[in-house]
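Hi everyone, thanks for coming. I'll walk you through one model today, starting with a single residue and working outwards. Have a look at the screen first.

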Amino acid sequence: MGDAVTGGEALVRALCGHAVTQVFGIPGTHNLEIYRHLSAYGIRHVLPRHEQGAGYAADGYARVTQRAGVVITTTGPALLNAAAAVGQAYSDSVPLLVVSPGMPLRHPRLATGLLHEMRSQTEALRGVAAFSHRVSSVTEIDAAVARAFTLFRTRRPRPVHIEVPLDLLEAVEETGPVRITPRVAPLAPDIEAVRKAAEVLSRAHRPALVLGGGARGTTASCLALAEELGAPVVTTANGKGIVPETHPLSLGVSLHSPSVQRWLAERDAVLAVGTELAESDLWSRPPALNGTLIRVDLDPDQMYTGLPADVAVVGDSRVSLEALLSEVRGHARVEDVVGPVSDLRAARDAETAERDARWIPYLRAIRSVLSDDAVITSDSSQCCYYGALPHLPLGPEGHYLHPTGFGTLGYALPAAIGAKVARPDRQVMALGGDGGLQFTVQELATAAQLRLPLPVVVFDNGGYGEIRDEMAARGDSPTAVDLAPVDLPALARAYGGQGTRARGADELAAALTEALRTPGPTLIAIPEETP
């Protein structure tokens, strides 16, 4: 015989059974039965100021722990508030679980005016999540949770929504033991595909490695392969730091560089690991490659999208690269490419030297203060994608969290909160612009309430600088891109944190050093000239 529990307790018990110890969310009228049981099952809770912030915080938590980030919302508008974060997690392959109540089981198709009523939460979330599962009984809840964790652990991790009808949350049913996702060995690649890839790489005179987020956790194999092959390494934004960016073979995050794209097109073999090789990685249409493209990916769909694979290696990246390294070792043709790589770095930097010069002294100051294992979260802001991604060197000890693909604004601050909650022993810093910050600036209050030592570095150019520049490049008069001045340091103080301005790299280094030892958030505004 099992226990008789409510749907709310069944849900919390299932989360606990899958080792969930931290959730993010906001209580509401319809989800109180979930909140009732959190502390009894040892699950901690962070209260953000908006459900979008809850989603980004859970995303940041997931990226630094490699565990699922969990969000609890109430019905209707609260769930839709989190939808942008769900879309970002889908784009960046982040294991995010959003749980919410839904309309009652026998809710009629016609509108009745019930609180938070909407036509279909599941249809709305299916547009941005891997799947949305509406349960029909209390006993089905733990199966739905197990289904989500099975996806997280065995396939390309992407966000999932589970909806529990609000009458089921209070309903009591007898349930058995919690169903837990079974242990599954990492997917091993086809050995013939590995051998074919190894043959191509061993014969190559001009090989290259392209690493995406799916290669995270494979640093040793990637470095060994690069050195064995004499292959330069370039990464996507999500692959930043997998190989130390100070390594002689590293080109860092520079797939968007025209020089690097021309160089890549001339390689006779390209090994792409855990990357879509898509417009969001390249900032342009994928280039035509003249050599053989080997793709290693857990997701078989990636083998024929974007740039189709000439050699497809489907499997867990760590297992696949170890097998590939074993086949290649001792057979590759190695040429000295350190000099050419240095020349290519110089050519890449020369392309954007005038544009990027304003950020580089500040980024050097940040690098001088932060430890090697620091976590940096960034926004979809110019200082991040033009500045920090290519010019702030990182190694595998650290983390750089950036919202690629979906390209949402407002990610950096709440993601930093989630990362700091997950790794309280690590330095964590948020980086962005004034426009992006103001999408989720209210989360300064969350960081203040939690007393998290959290520097928030903001380049203030008075609006949406990227869109302003794009309008000017089209010959248009900039329209609706200038924001009225806001005293951002004062706003941070109003939320319970600290705030200051840095008008030079030395001032930033001093302010950042102080912020890292000050409980609560410290907003450091860096004024930029507005064209």
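Let's start with Leu488, which is buried because its relative accessible area is 2%, and buried means under 20% relative accessible area, with exposed over 50% and partly exposed in between, using a 1.4 Å probe and protein chains only. Before I go on, a word on the source: this is a predicted model, where local features need pLDDT of at least 70, side-chain atom pairs count only at pLDDT 80 or more, and totals for chains, interfaces and linings use all residues. Residues are numbered from 1 along each chain as its sequence is written, and side-chain values use heavy atoms, with hydrogens and water left out.

Back to Leu488, which sits in helix H22, residues 488-494. Helices (H or I, at least four residues) and strands (E, at least two) are DSSP runs, numbered from the N terminus. What does Leu488 touch, leaving aside neighbours within four places in sequence? The partners are Asp434, Leu437, Val458, Asp460, Arg501 and Leu523, and contact means heavy atoms within 4.5 Å. Here's a nice one: Leu488 and Arg49 are 439 residues apart in sequence, but 18 Å apart in space, C-alpha to C-alpha.

Now, the sheets. One open sheet has 6 strands in the order S16-S15-S17-S18-S20-S19, with parallel pairing; two strands pair if DSSP finds at least two bridges between them. Why is one side of S16 and of S19 left without a neighbour in the sheet? Strand S16 (399-401) and strand S19 (498-501) stand at the edges with a single partner strand each, so that side stays free. On average, neighbouring strands here are turned by 20° against each other, direction ignored. For angles, axes are lines fitted to C-alpha atoms, for helices over the stretch in contact, and the values run from 0 to 180 degrees between N-to-C directions. S19 joins strand S20 (residues 521-527) through 4 bridges, running parallel, and Gln498 stands opposite Thr522 in S20. Packing on this sheet is helix H3 (residues 51-65), which touches strand S15 (375-378) and S16 and makes about 150° with the direction of S16.

On to another sheet. This open one also has 6 strands, ordered S11-S10-S9-S12-S13-S14, and the pairing is parallel. Its edge strands are S11 (250-253) and S14, each pairing on one side only. Here the average turn between neighbouring strands is 15°, again ignoring direction. Helix H9 (residues 191-203) packs on the sheet, touching S12, S13 and S14, and its direction makes about 130° with that of S14.

Let's zoom in on strand S13, residues 292-297. Is S13 mostly covered or mostly open? Mostly covered: 5 of its 6 residues are buried. On one hand, 5 bridges join S13 to strand S12 (residues 269-273), in parallel, with Leu293 as the bridge partner of Val270. On the other, 4 bridges join S13 to strand S14 (residues 311-314), also parallel, and Asp297 stands opposite Val314.

One last residue, in S14: Val311. Val311 counts as buried because its relative accessibility is 4%. Not counting residues up to four places away in sequence, Val311 touches several others, among them Ala193, Lys196, Leu293 and Ile294. That's my tour, thanks for listening!
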